[in-house]
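Morning, everyone. I have one structure to go through today, and I will take the chain as a whole before turning to a pair of helices.

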Amino acid sequence: MLSRAGVGLRLPHLSEVVATRPPAGWLEIHPENFLANPHAFELLLQLAGDYPISVHTVGVSIGSASGVDWAHVARIRELIDLVNPVLVSGHLAWSTHRGEYLNDLLPLPYDDETLDLLAMHLHQVQDGLGRPFLVENPSSYFGFGTSTMTEVEFLGELVRRTGCRLLCDVSNVYVSSENLGYDARAYLDGLPAEAIGELHLGGFQSEDDPDAGTRVLVDTHDTAIADEAWRLYTYALRRFGPKPTLIEWDDDLPSFADLLDEATLASVLARQAAQGAPHVAR
Ligand SMILES: [Fe+2]
């Protein structure tokens, strides 16, 4: 199942996908888009009969020091019980504090206190949702001086303590490795391969700061997947074996057919990696 790559389904493509049933391997949705839109929810239920659906939450803030919003978890549980998704995931981040929703996925220090908090929240979220929760590595723009472990060590310990699985966003690994100056392949080497349940690929942009003479990569999800990310994806496939792979595009959406083209390339690379063939040079 999910041997072909999936596509992130965004609301502007929803009517077209319902009407034409394009040959996507599977679809991933942000439940928050559908909980706020009853008509879209109806259409999603139609699609759930024809496609495997993955639910990727952006509002379950497992890193919030003030606790998880259980009313929101309950709403997602209702959607999950109707859609019966093949995967449920969210981010290693925080985005709410004392009921205030911040429109961003904010970073966490990697220390024992944060680990205890996230392990507790993950146990509770997995209980609340009634299924395993995949945790996605963030794209990073700075590190905390107070961190006492690397992100890879933090994620590995989270897996060990909670039995959660990991969603490895390969583009995020590339973005973070460039911004923070570490080896992206060594990062992938350090993750527990048996815990990887899904891979993401998305576009990013390079922004120059001429005054500082520096460059930062920004995880924008508004452009095609870069060659560097495709190469790292090939490495990830060899490291982890074939995994359900999603094409993520959120802003400045291209046609759904363009997204399917990227999904097809991901599927070809996964097949070649499974057969031990050299990857397509790009
Ligand atoms: Fe992602």
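Of the 282 residues in the protein chain, 40% are buried. Keep in mind that this is a predicted model.

Now the overall dimensions. Measured out along its principal axes, the C-alpha trace spans about 50 × 50 × 40 Å. The radius of gyration is 18 Å, and a compact globule with 282 residues would have one near 19 Å, so the chain agrees with that expectation.

As for secondary structure, the protein chain has 10 helices and 12 strands. On contacts, take those with a separation of 6 or more: residues 24 or more positions apart account for 75% of them.

Next, the helix pair. Two packed helices are described by the angle between their axes and the distance between the axes. Here the pair is α1, residues 11-20, and α3, residues 38-47. Their axes come within 10 Å and cross at roughly 45°. An angle of that kind is neither under 35 degrees nor in the range 65 to 115, and α1 and α3 are therefore oblique to each other. The crossing of α1 past α3 is left-handed.

Which residues in α1 and α3 meet? From α1 there are Leu11, Leu14, Val17 and Val18. On the α3 side, they meet Ala40, Leu43, Gln46 and Leu47. Sorted by type, the residues of this contact come out as seven nonpolar and one polar, with no charged ones.

That is what I have for today.

Notes:
Residues numbered from 1 in each chain as written. Predicted model: local features only at pLDDT ≥ 70, side-chain atom pairs only at ≥ 80, totals over all residues. Helix = DSSP H or I, 4+ residues; strand = E, 2+ residues; numbered from the N terminus. Rg over C-alpha atoms; globule rule 2.2 N^0.38 Å. Buried ≥ 20, exposed ≤ 12 C-beta atoms within 10 Å, placed from the backbone. Contact = placed C-beta atoms within 7 Å. Axes fitted to C-alpha atoms, helices over the stretch in contact; angles between N-to-C directions. Parallel < 35°, antiparallel > 145°, perpendicular 65-115°, else oblique. Left-handed = near helix turned anticlockwise from the far one by under 90°. Nonpolar A, V, L, I, M, F, W, Y, C, P; charged D, E, K, R; others polar.
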